[in-house]
Structure formats: C-alpha cells, structure tokens
Amino acid sequence: MVKIQWYPGHMEKARREMTERLKAVDLVIELRDARIPEASRNPLLHMMAKDKPRLILLTKTDMADPAATEEWVRYLKSRENTSCLAVDLMRDSRCGRKIIREALLLMQEKREKQKARGIRPRAVRAMAAGIPNVGKSTMINRIAGKNTLKAADKPGVTRSLTWLHADPDLDLLDTPGVLWPKFDDEKTGSLLAAVGSINDDILDRKMLAMDTIRMIQDLYPQLLEGIYEAEEGVNPNGMLKAIAARRHLLKEKGEPDTKRAADLFLTELRHGKLGRLTLERPDEENSEDEGAEDLHE
Ligand SMILES: Nc1nc2c(ncn2[C@@H]2O[C@H](COP(=O)(O)OP(=O)(O)OP(=O)(O)O)[C@@H](O)[C@H]2O)c(=O)[nH]1
Ligand SMILES: [Mg+2]
C-alpha cells in the first residue's frame, strides 16, 4: 500500500482556530463522505468537541452504495447525543430543511428549558467540520439558499473560518477541511485520497489506483472486470493495462500507458462513473469513540 500523509501548516492553524471557536458553539455538524464513513472520521474532532452534541452528515450519498449507507446511518445513530443523516447535497432540494430540523432536535431540551424560563431561544450555533472536499461549504450554501461560500471539487478550498446566519434558527460556521497528523493505517490514507480529499500533487497516483482497485475487487467482485472488460481475477496492474487497452491509452511503442490509465480510473471513480460504491463497512467491534492518544507521536 502507498503511504500517504497530508497535514500542512494551514490545517494545524485551522485546528487551533476551531478549538478556540468551539467555546461559542452549541453543536458540531460533522460531515463525512458516505463512501468512506470511517476513514473520513477525524479523531482530532472527537478530542476537541467531546462534550458537544453531534450531527453526523454522510454526504455524497448519490455516489455511495444505498444499502451500505443505510447500514452506516443505523450504526452511527446508535450513539448518545449523536444523530446521523445521509444527504445528497447536489440533488435533494429538501436536504437543507432536514439538516435544520435534525440540528434543532438535538438542541430541543435546552431550548425548551430556555422557553420555560421565559427566554426566547437564540439561533443554534453549529460548526461544520470535516475532511477536505467533503461538502462543508456546499452544505452551508444550500441551507442559506445562496452561494455565498466558495466551493469547488478539490481539497483545501476554504482557508478561513466564517460564520453565516444561514437560517433564522441556525448560524453555521464554515471551517477549512482538516486531516490529522498520523493516520491509523495506510488504508485510511488511500481511502481519503481515492475519494479526492488529499491533494493529488503529493501522491503516487498509480500506486493509489492499484490500492483502490484491490479494495473494490474485494468488496465488489467482478465489477471492474465487467466495466473494463478485463480478465477474471486479474491483478491491479493487469487491471490498469486492461483500462489502458480499452480506453486507447498507449505509449509510443503501443504499450499500455498504465500511468494515464491510473489517472483515468481515479477520475471515473471520483465522479461516480463506476457506479455507487461504498469502500468500508461498519465494524461493530471498533468503538466510534476511540480517542486519538497516539496522534502526536
Ligand atoms: N455528488 C455530490 N457532490 C457533492 C455533494 N456535496 C458536495 N459535493 C461536491 O463536492 C465538492 C466539494 O465541496 P465543498 O463544499 O467545496 O467541500 P468543502 O468540504 O467545503 O471542502 P474544503 O473547503 O476544501 O475543505 C464540490 O464540487 C461539490 O459540488 C454531494 O452530496 N454529492
Ligand atoms: Mg469549504
């Protein structure tokens, strides 16, 4: 497996600023990519916001496996003080309302108490947090009903923390996408890179494509063989050769150009062209609340 780590200075700066801002935050909206709900869980966020109610949003469900998404929502909802919604931020016109409703529900008890004491509850203050490119700015724009925040299909677009009075009942804080200094294992880095949450420039994309092909072959046997008309049980390098042959990516001497095939494969995967795939399944043994003690080794 290719070894990937991406924790530039701007992420550490954002992490510090987020910790500071959390004091004024009622609720954390943690966005995770529905295709990799575990790899996109930031352990730093757990340390920073242990005691805040949490709404986990699984985004990009339009590209994830619907059955796996259902399984994940059930699994993630089963925690105290945590709620979970799966959303398609691009096509579901009602997702903004659903998110507001769920956020207010998490704060209901506190708001009811305030009302009972004659205080009119102010708008709930929520911090949107998550890995790069997961859809934080897009989500806030949806709720606000206008494209105030810059959003684009590459990691690292948002660079500063910005409050937006998105709804009369909900203030939202946009934050830069942050990763963490040390991934649990090499698979986590590959999964994050596969969905486009790690800057491509620092990657060996051929190695990444091969890792990803292997993971897809494990979870969805025969799928890639069918799409790229490859031999059954072909190894990842053989798969890249098949892709090169099918898509006419050849070098001067007519040899398959596996580098360009790797780029094409990653682009197709990231745009959902290979179908709706989820690259992880819930592991009931593994506790969601696991700390991040060894992150600073
Ligand atoms: N298909 C699909 N694309 C989405 C969805 N949500 C967001 N996107 C796309 O994902 C890309 C990244 O969205 P952003 O809102 O910029 O992500 P971000 O989390 O703010 O990213 P950073 O600021 O870089 O951390 C954009 O091209 C969005 O259009 C979704 O539910 N489905
Ligand atoms: Mg953003």
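**Close-up 1. Side-chain contact between D62 and ligand 1 in the predicted model.** An N or O atom in the side chain of D62 lies 2.7 Å from a nitrogen atom of ligand 1. D62 is also listed among the residues closest to ligand 1.

**Close-up 2. Backbone contacts of K60 and N133 with ligand 1.** At K60, a backbone N or O atom is 3.1 Å from an oxygen atom of ligand 1. At N133, the corresponding distance from a backbone N or O atom to an oxygen atom of the ligand is 3.0 Å. Of the 650 Å² of accessible area that ligand 1 has on its own, the protein covers 92%.

**Close-up 3. The shell of residues around ligand 1.** Ligand 1 is surrounded by 23 residues, and the closest of these are D62, L89, K136, T138 and V157. By residue class, the shell comprises 10 nonpolar, seven polar and six charged residues. The site occupied by ligand 1 is the largest pocket.

**Close-up 4. Domain 1 and domain 2 of the protein.** The protein is divided into two parts: domain 1 spans residues 9-182, and domain 2 spans residues 204-270. Taken over C-alpha atoms, the centres of domain 1 and domain 2 are separated by 35 Å.

Notes
Residues numbered from 1 in each chain as written. Chains lettered and ligands numbered in written order. Predicted model: local features only at pLDDT ≥ 70, side-chain atom pairs only at ≥ 80, totals over all residues. Heavy atoms only, no water. Near = heavy atom within 4 Å. Polar contact = N/O pair within 3.5 Å; in protein donor to acceptor, adjacent residues only side chain to side chain. Areas by Shrake-Rupley, 256 points an atom, 1.4 Å probe, with all protein chains shown as cover. 1 Å grid on protein atoms, 1.4 Å probe; cavity = no way out; pocket = protein on both sides within 12 Å on 5 of 7 lines; lining within 4 Å. Sits in = over half its atoms within 2 Å of the grid points. Nonpolar A, V, L, I, M, F, W, Y, C, P; charged D, E, K, R; others polar. Domains from an automatic or database assignment.
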